[in-house]
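Here are my notes on this model, as numbered points. Please read them with the structure open.

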Amino acid sequence: MAEVTLTANVDSRPIPSLSSYVRGKDVESGQWVYVLSTRAVLDDSFASLSLKRKLESGRISPDEVPEGVIAGRVAVADKETSLDALAAAAEATRIWRSVPLATRFDGWMELLRATIDEHGDELVRLLTLEGHPLELAKWEISGMRELTRKETTQYLRGQLWQEFAVDGRRNIVRRQADGVVCITPPANAPLVSALLGTMCIPGGNAAVVRAPRTAPFGVTYALRHLIAPILDEIGAPPGLLNIVCGHPGPMLDAWINSPHVDDIMYFGDVPSGLKLEGRCIEAGKKPILELAGNDVVLVWKDADLDRAADALVESFYGSGQLCMIPNQAVVHPDVADDLIARVVERAKALRPGYPDEEGVLLSPVLRHDKFNQFLADAVEHGATVVTGGHGMQIDGTRDSSGFFLEPTVLRVDGLRGAREADVVKHETFFPLLPIVVPEHADDDTLFDGFVEFVNTNLYGLRNSLWARDESVIDRFVSETVKGGLLKVNDSHIAFTAPLPSHGGTGLTGGAFGEANYPVLRTTHLQGVSIVATDSARPSEEKERDAHA
C-alpha cells in the first residue's frame, strides 16, 4: 500500500499530492486544488484563502508557503479523464457483476472490516483535516464499523441471493447490479459519504466518485490508498473504482448524458437534488438521493429526561451541520420546563476549538446570515430564545464576526402553529434547536398530535421517541410512516447494525426515498428458475403425483 504523509511540509520533503485514479492508474493533469490545514484557516482565514487562490492560479510556488499551512493537493481531472473514468467503469462492471458473491461480497466485506480496524486512526485524522471535530470523526468511523459487522453482512448477503427448491425447480431470487454508479459526496462530509457510496461495489457495480473541489483530499486519499488495495487483493478488474476531482455542474451533466451511467448517488441540498432527480428520470437513470433531514425527537411525560437531554444536545454536534442530527423536539407539556433546563445546561457546556483537540464538538460555520434569518423569523413567530443566539470566536468570546455560533435553544409554545416558523418547517444546518411544547390536552389527543406532526413533516430521515410506556412505544413504531430510521430510547445519531445509517422519505430521499443500503439501492430484483435437463418436466411430475 502506498504511503502518503498527512502533515504538510515545505522544505526538502514533498507536499502530499494525489492524482485522479482511472483504470487502476494515477492520472495527473498539471492543475491542482490545494487543501489548507484547518488550523491555518481558523487562525487567519483571509490570509489562508488568499494564499489558496494564489497557489491554484500559479502566482506563487508551494515552496513559498510557511510550513504547516498546506495539508495536501489533489489533481483536477480534465474532461478526457472524466469521460474515460465512465468508459473504464462500464468495461469493469461487465466483468465484475459475474464474479461469485463469495469474492465480490464476502471477500470485500472481510477486507473492508480489517482495513477500517487497521486504519481507523488514519481515517479520523483525515476527517479532522476536513474540519470535523475529533469526537465527531470517531463517531463517523464507528458507523463504518457497524456497516461491516456480522449482523449487517448477513442481512445484506441474504438480500442479494436467496434460493428455493420448488416443484423440481431451482428457484432463485437475486439482486443484479445496475452497472455504473456515479457518486457525488457533499462538501460537509465527503470522506464518509464516499466510503458509504462505494458499498455499491460488492453488489456488482463499478463506481465513479467525484471528489468535491472544496474538500477533495480525504476522499481521494481514503479511496485510493485504503479502498483500491482491497479491490486489488480480491482480483477486481481495473476501472472498477475511479476517482476524479472537478466542478459538480459539468461532471453531473456528463454523467446524465453518458450512455455508460446507470445510477447517480447524490448528496446535497433539496432544490438541487430534486432537480437532478427529474433529469435522471428523463435520461433513464436511477437517482439515489441523500438530501436534507429535519429530524423530530418526541419526548413523552414518563421519559428518562437526562438521557433524552443528552440525545437532544446531539443537535449541536458539528454545529448542526449534519443531516442526521435532531433538528427539533416535541415535548409533553408536563415535563417541558424540566427537559429544557437540562438541555440548556448541556448546551452551555459545549465549546468551540480546533478540530483535532479532544472534547471539541462544535465546528466553524462559515456564514451566519441564514442562522440570523431563521432566528429572527422564529422570534417573530413567538419563539423564545432560551440560550445562545450569537456568534463567537474560537475562545468562546461573543463576536458576530467569529467563525463559530453559540448552541441556541428556542422554546416554541403550541404544536398547531409551530410549522409557521421556518426553524421548525425546514432543516436549519446550524446549531439552532427549537423545542416545541404542545397545548395541554388529554394524553390520547396529545399523542395523536405527536404522531401526526412526525408524519406530516416534509422530510423523513430519522425520528425518535423517549418514553417508558410500552403502549406509547408500540403506537409510535406502528403508526410512524415517515423516516428511513426510527429510534426509541436511544441516541438519535448512534449507528447500530444491521440498521441503515442513511436514506429517508419525503424531501430527504425524493420520490423513491427509503432507507438506503447502497449495495441494495444500486441493484435490482431478478427471478431465476432452473430445471435440470435430465429431470422430468415439472408438469409431468405434477401429473404423475396426481395419479398416484
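1. One cut-off first. Buried means under 20% relative accessible area, exposed means over 50%, and partly exposed lies in between. Glutamate 91, with a relative accessible area of 38%, is therefore partly exposed. Keep in mind that this is a predicted model.

2. Glutamate 91 has a partner. Its side chain meets that of arginine 23 in a salt bridge, at 2.9 Å from N to O. The pair joins distant parts of the chain, 68 residues apart. Glutamate 91 sits in helix H3, while arginine 23 sits in the loop between strand E2 (20-22) and strand E3 (25-27). Arginine 23 is also partly exposed, because its relative accessibility is 29%.

3. Helix H3 (residues 79-96) also holds threonine 81. Is threonine 81 buried or exposed? Its relative accessible area is 11%, so threonine 81 is buried. Beyond neighbours within four places in sequence, threonine 81 is in contact with Ser20, Val22, Val27 and Val244.

4. Now the interior. The largest nonpolar core has 90 residues. Those with the most contacts inside this core are Trp108, Ile201, Val208, Leu223, Leu241, Trp255 and Ile264. Which helix gives the most to this core? Helix H4 (residues 101-129) does, with 12 residues.

5. Take valine 208 from that list. Neighbours within four places in sequence aside, valine 208 is in contact with Ala85, Leu86, Ala89, Val180, Val181, Cys182, Ile183, Asn242, Val244 and Trp255. Val244 is thus a contact of valine 208 and also of threonine 81.

6. Helix H6 (residues 150-160) deserves a look down its axis. Its buried residues are Thr152, Thr153, Leu156 and Leu160. They fall within an arc of 95 degrees, so they line one face of the helix. In general, an α-helix has 3.6 residues a turn, so residues three or four places apart point the same way. The face of H6 turned away from the buried side carries the exposed residues Lys150 and Gln154.

7. What do the buried residues of H6 pack against? The partners are H4, helix H5 (134-147), strand E6 (161-166), strand E7 (169-177) and helix H17 (518-521). H4 is also the helix that gives the most to the largest nonpolar core.

8. Check the surface too. Phe164, Val166, Val173 and Leu525 form a nonpolar patch there, with about 340 Å² of accessible area together. Leucine 525 lies in strand E26 (residues 523-530). Leucine 525 counts as exposed because its relative accessible area is 58%.

9. Back to charge. Side chains of opposite charge can pair when their charged atoms come close. The salt-bridge count comes to 29. One of these pairs is arginine 170 with glutamate 163, at 2.5 Å from N to O. Arginine 170 is partly exposed, with a relative accessible area of 37%. Glutamate 163 is partly exposed as well, at 39% relative accessibility.

10. Aspartate 369 and arginine 367 form another salt bridge, with their closest N and O atoms 2.5 Å apart. Aspartate 369 is partly exposed, with a relative accessible area of 30%. Arginine 367 is exposed, at 60%.

11. Some charged side chains go beyond pairs. Asp306, Asp310, Asp338, Arg342 and Arg346 are linked in a network of salt bridges.

How values were computed
Residues numbered from 1 in each chain as written. Predicted model: local features only at pLDDT ≥ 70, side-chain atom pairs only at ≥ 80, totals over all residues. Heavy atoms only, no water. Core = buried A, V, L, I, M, F, W, Y, C linked by side-chain atoms within 4.5 Å. Buried < 20%, exposed > 50% of the residue type's maximum accessible area, 1.4 Å probe, protein only. Helix = DSSP H or I, 4+ residues; strand = E, 2+ residues; numbered from the N terminus. Contact = heavy atoms within 4.5 Å. Patch = residues over 30% accessible without salt bridge, like charges linked within 9 Å, V, L, I, M, F, W, Y side chains within 5 Å. Areas by Shrake-Rupley, 256 points an atom, 1.4 Å probe, with all protein chains shown as cover. Salt bridge = Lys/Arg side-chain N within 4 Å of Asp/Glu carboxyl O. Arc of directions from axis to C-beta.
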